[in-house]
Amino acid sequence: MTVPLTSRPRIKLPASAKVGDVIEIRTLFEHPMEPGFRRAPDGQPIPRDILARFHAQANGERVVQVDLRNATSANPYLVFHARIVGPTDFDFVWTHEDGRTASTAAHVAVK
Amino acid sequence: MSDISRRNFGKFAIAGLSTLAAPSILQAKSGARLVIIGGGFGGASAARFARTNFPHIDVTVIEPQLTFVTCPYGNLLLAGARTLSDITHPYGVLKRRGVIFIHDWADAIEPDKKLVKLRSGKTVAYDKLIVSPGIGIKWGALPGYDQAAAQIFPHAWVPERGEQVLLLRKQLEALPDGGVVGFAIPGNPFRCPPGPYERISLVANYLKKHKPRAKILALDAKDAFSKQGLFQDAWNELYPGLIEWIPGSKDGKVVSIDTKEKVFQTEFGTRHKIDVGNVIPPQSAAKIAIDAGLTNETGFVPVNPYTFEATKAKDIHVIGDANIAGPMPKSGFIANSTSKQAVASAIALLEGREAPKDPIYFNTCYSHVGDDYGISVVGVFRPSEKGFVETPNSGGVSPRGPLAEKKTQRKLEAQYADAWYASITKDAFG
């Protein structure tokens, strides 16, 4: 009974950078990360609803992968860095335990 | 300085007396010197408590303002339910109780020499120092928000003489119906955890009556806040559709302020156009605490939870919003409650006794959210070797429930809040 992955993935990174620059990439995905151990006020168990993985690709190559667990806070917020070696197409993908995914993309041009 | 201080009066008196009479007067004036920086809830409460319970101690307060404007109840000015004079407290009663006031800025502390340097160039010697200077605004920590920006988007979070809260009120009065009132709310820790949400409620109260088409956009760095369920219940019942609260997880964290375009920009790049804006900026302990080397990397002052002596300086006890006392909130009530233990400890240690054991610190934060509608959170805390600890099952928040069922409770709590305000200001300034 999980809700669909309807959150709009949010990312923040510069639109352009110089070759050799290290850029900061911020990502935020709104998700309850419900561990499945809690009960609602009416006593009913709240079903498990967990994102299992986040990964980022740069020009098709996987550069960051994060495995998330049931102790991860709600709304996973991840910040990481990338060194720019040329024009880069980034893809960011969040994968639910049940296989559903949500993704977004960004391009970093070279100055 | 408009007041003749008791110390100076003594000097003049001595100068006019014979040498024989002088020693006895000097005797009367040779009490240990308790000096207090700051005349807010912490400092004024400390001064009054010291005069009442330790009459043999000389008490001096260094405070630049001639009167104190409280942050609590300031939000009621925005709703038109109070005036500035209702929340302004003179120091006359404390002066009559024998507290010496020096209306000047404390610019530096020399812990080795036990001296406070004043802006006027004078110095004040102490045996024990209570530092209760409140918060300082970290100007520039939020890009685009400096002193000039605060004239466009007021913070109204440091009262001074009430200028900021009056400015915000004036801007609300000038707001076109249909305009947007924006709030930028920081992450923890900050002064008065429920304050932003009480303010949102009382601005909504004003707008509903006078600008019914206006909207509130509350951009928050956090995902949860004090008395959240109660506030949101009240917003839904009293001001439906008027308030949009955007938490950090929905890109609510404001990362820059643009006063020219009147825009609050959030972390993931959304630009929110604002007509009237209230920026509650990132905070630290006030400048004097930082300059004196009392703060740590957090910008606030670590203290001994039993005595409030600063971890970094002997004989300096720090109370109020400047210290690190989580999970106790940065509130006037905590400043008042802890001031007594700080004073009693400082004087005991000075006189070679042990600090009072097993103190209990109390807090209640009342919030007005509408006419005859008050809510509260209560906490009881004790010190431990690891810091401050909330006593299990000691406090809590007002019960939730539909207004139709809770009307009497909400009305009573609004009255309790008024009674609390009267009693705490009496305990500090009366």
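**Domains, contacts and backbone features of the two chains**

UniProt, in an unreviewed entry, places the feature "domain: FAD/NAD(P)-binding" at residues 33-145 of chain B. In this predicted model, that stretch comes out as 20% helix and 34% strand, and its end C-alpha atoms sit 40 Å apart. A second annotation on chain B, again from an unreviewed UniProt entry, is "domain: Flavocytochrome c sulphide dehydrogenase flavin-binding", listed for residues 358-429. Here the chain is 38% helix and 39% strand, with 27 Å between the end C-alpha atoms.

How far can the coordinates be trusted? For the model as a whole, the scores are ipTM 0.79 and pTM 0.89. Chain B has a mean pLDDT of 93, and 93% of its residues reach 70 or more. The weak spot to keep in mind is residues 1-29 of chain B, where pLDDT stays under 50. The model has 17 contacts beyond four places in sequence for that stretch. Where pLDDT is low, the predicted coordinates should not be read in detail.

The domain assignment splits chain B in two: domain 1 takes residues 6-134 together with 286-429, and domain 2 takes residues 149-279. Domain 1 of chain B is thus written as two segments of sequence, 6-134 and 286-429. Between the C-alpha centres of domain 1 and domain 2 of chain B there are 29 Å. The two domains meet through 30 residues from domain 1 of chain B and 33 residues from domain 2 of chain B. On the domain 1 side, helix H4 (74-78), strand S22 (361-370) and strand S23 (373-384) of chain B each bring at least two residues to the contact. Sorted by class, that side of domain 1 of chain B has 15 nonpolar, eleven polar and four charged residues.

Another contact in chain B pairs two helices. Two packed helices are described by the angle between their axes and the distance between the axes. For helix H3 (residues 41-53) and helix H11 (residues 403-429) of chain B, the angle is about 60 degrees and the axes are 6 Å apart. H3(B) and H11(B) are therefore oblique to each other. On the H3(B) side the contact is made by Phe41(B), Ala44(B), Ser45(B) and Arg48(B), and these meet Asp427(B), Ala428(B) and Phe429(B) of H11(B). By class, the residues of this contact are four nonpolar, one polar and two charged.

Chain B also carries a couple of backbone features worth a look. Most residues other than glycine have a negative phi, and most peptide bonds are trans. Against that background, the bond joining Asn188(B) and Pro189(B) is a cis peptide bond, with omega about 0 degrees. Pro189(B) belongs to the loop between strand S11 (180-185) and helix H7 (195-210) of chain B. A cis peptide bond also runs from Gly326(B) to Pro327(B), where omega is near 5 degrees. The loop that holds Pro327(B) lies between strand S21 (323-324) and helix H10 (332-350) of chain B.

On to chain A. This chain has eight strands and zero helices, so to speak a plain run of β-β-β-β-β-β-β-β when read along the sequence. Its C-alpha trace spans about 55 × 20 × 20 Å along the principal axes. UniProt, in an unreviewed entry, gives residues 12-105 of chain A the annotation "domain: Sulphur oxidation protein SoxZ". Over that span the chain is 0% helix and 49% strand, and the end C-alpha atoms lie 11 Å apart. Asn75(A) has a positive phi of about 55 degrees, although this residue is not a glycine. Asn75(A) sits in the loop between strand S5 (61-67) and strand S6 (77-83) of chain A.

Finally, how do the chains meet? Seven residues of chain B are in contact with six residues of chain A. The chain B side of this contact is made up of one nonpolar, two polar and four charged residues.

Terms used: Residues numbered from 1 in each chain as written. Chains lettered and ligands numbered in written order. Predicted model: local features only at pLDDT ≥ 70, side-chain atom pairs only at ≥ 80, totals over all residues. Axes fitted to C-alpha atoms, helices over the stretch in contact; angles between N-to-C directions. Helix = DSSP H or I, 4+ residues; strand = E, 2+ residues; numbered from the N terminus. Parallel < 35°, antiparallel > 145°, perpendicular 65-115°, else oblique. Nonpolar A, V, L, I, M, F, W, Y, C, P; charged D, E, K, R; others polar. Domains from an automatic or database assignment. UniProt positions renumbered as here; feature names shortened; annotations may be inferred. pLDDT = per-residue confidence, 0-100.
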